[in-house]
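Here are my notes for anyone opening this one cold. Have a look at the picture first, then go through the points in order.

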Amino acid sequence: MRSERFLSLLHKELEVHPELRGYYRFLNDPHKQSFRTAYYLQRLRYIERALPTIGDYVWDCGCGYGTTNFFLALNGIRSFGNTLEYYYEQIPRRREYWSAYGDVSLFECDYANTFDLDPAPNTYSTVIVQDTLHHLEPLDKALLLFFRSLQPGGQLVAIEENGSNIIQQLKLFRQRGTRRVIEIDDTRLGKKILMGNENIRSVRAWQHAFKQAGFVWDDGSLEYLRILPSGAFSDNDQDAVIAREQRIIARYPVLRKYLSFGINFIARKPAPAARR
């Protein structure tokens, strides 16, 4: 199933499951619907381009409501997702909805803190971390866990906010000051958990962290998203605006670095060197 078809079905789901609209806000404001949809679509297309082959096994760490996992399942790809808080309660109802379009049993899910998981080495072909890396603390421990769980040559696909975005950094500073790491009390697990407090980072900081964990950064995978305001999408062809936005991002590196809202990138676990 292609991204565009999946997104249209997600819009329909929001009509029957309005409790999801606090997170997926596509339908909440008609003036921003195209703007928000375009951003989500670009991220989903990025994952679609990075999809492994059927038969591979994906870990979606911090899978939230499981949306990406349902997309994977409808493309014949098996995945495991772990999530916390209120997200987990919505997944059974969502299974009912998406089961009309494919085999959602390919999506396994557990209520679990990432650091409590102990996957066997070389289990997954792909790890997806979507809006999750900036919540994982300590980060170095999380990256080592991902590295160990990936098969040689496997990939980590990251969908993140751009920590160099000046506007977003000012907004977050007003919200949380310098408290980049907090402790939350998970009553279901009966324990306290360290969590990054919207601890977004720059591309350079991510590159350094992944290198320290043994990953190889894929330079050609880096993608910047969302630089135009919501008004640019109103009553205009969505893909045409996306194309114009990407031309601006490609042409002006300073704007790209400091005003793009989102970043996508891939890092890989090295494959063993071939014997001669």
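1. Is Arg-201 buried or exposed? Keep in mind that this is a predicted model, and then look at the number: Arg-201 has 15% relative accessibility, so it counts as buried, the cut-off being under 20%. Its salt-bridge partner is Glu-137, with the closest N and O atoms 3.1 Å apart. Glu-137 is buried too, at a relative accessible area of 10%. The two come from distant parts of the chain, 64 residues apart: Glu-137 sits in the loop between β4 and α5, and Arg-201 in the loop between β7 (191-196) and α7.

2. That pair has company, since a search of the whole structure turns up 13 salt bridges. Some share partners: Glu-4, Arg-45 and Asp-239 are joined into one network that way.

3. Try Glu-48 and Arg-2 next, another salt bridge, with 2.9 Å between the closest N and O atoms. Glu-48 belongs to helix α2 and Arg-2 to the segment before α1 (3-16), so this pair ties together parts 46 residues apart in sequence. The two ends have unlike surroundings: Glu-48 counts as buried at 16% relative accessibility, whereas Arg-2 is exposed, with a relative accessible area of 55%.

4. Then there is Arg-93 with Glu-19, whose side chains meet in a salt bridge at 2.7 Å, N to O. Arg-93 is in helix α4 (residues 87-98) and Glu-19 in the loop between α1 and α2, so parts 74 residues apart in sequence are tied together here. Arg-93 is partly exposed at 41% relative accessibility, and Glu-19 is partly exposed as well, at 32%.

5. Now for the inside. Nonpolar side chains tend to be buried together in soluble globular proteins. In this model the largest nonpolar core has 40 residues, and those with the most contacts inside it are Trp-59, Leu-133, Leu-143, Phe-146, Phe-210 and Phe-215. Elements giving two or more residues to this core include α2 (33-49), β1 (57-61), α5 (139-149) and β10 (262-268). The largest share, five residues, comes from α5.

6. Trp-59 is a handy place to start exploring that core. Leaving aside neighbours within four places in sequence, Trp-59 is in contact with residues including Phe-80, Leu-117, Tyr-124, Ile-128, Leu-145 and Phe-146. Apart from this core lies another, of 23 residues, with Leu-10, Tyr-40, Phe-71 and Leu-74 among them.

7. Don't skip Glu-160, in strand β5 (residues 150-161). Glu-160 is buried, with a relative accessible area of 0%. What does its side chain reach at 3.1 Å? The answer is the backbone nitrogen of Leu-133. Not counting residues up to four places away in sequence, Glu-160 also touches others, among them Tyr-39, Arg-43, His-134, Trp-206 and Asn-264.

8. Last, the outside. Ile-166, Ile-167, Leu-170, Tyr-252, Val-254, Leu-255, Tyr-258 and Leu-259 form a nonpolar patch on the surface, and together they have about 740 Å² of accessible area. Helices α6 (166-176) and α9 (253-259) each supply at least two of the patch residues, and α9 has the largest share, with four. Leu-170, in helix α6, is exposed, at a relative accessible area of 57%.

Note on methods
Residues are numbered from 1 along each chain as its sequence is written. This is a predicted model: local features need pLDDT of at least 70, side-chain atom pairs count only at pLDDT 80 or more; totals for chains, interfaces and linings use all residues. Side-chain values use heavy atoms; hydrogens and water are left out. Patches are made of residues with over 30% relative accessible area and no salt bridge: like charges are joined within 9 Å, nonpolar side chains (Val, Leu, Ile, Met, Phe, Trp, Tyr) within 5 Å. Accessible areas come from the Shrake-Rupley method with a 1.4 Å probe; for residues, only the protein chains shown count as cover. A salt bridge is a side-chain nitrogen of Lys or Arg within 4 Å of a carboxyl oxygen of Asp or Glu. Buried means under 20% relative accessible area, exposed over 50%, partly exposed in between (1.4 Å probe, protein chains only). Contact means heavy atoms within 4.5 Å. A polar contact is a pair of N or O atoms within 3.5 Å; within protein, one must be able to donate a hydrogen and the other to accept it, and residues adjacent in sequence count only if both atoms are side-chain atoms. A nonpolar core is a set of buried Ala, Val, Leu, Ile, Met, Phe, Trp, Tyr and Cys residues joined through side-chain atoms within 4.5 Å.
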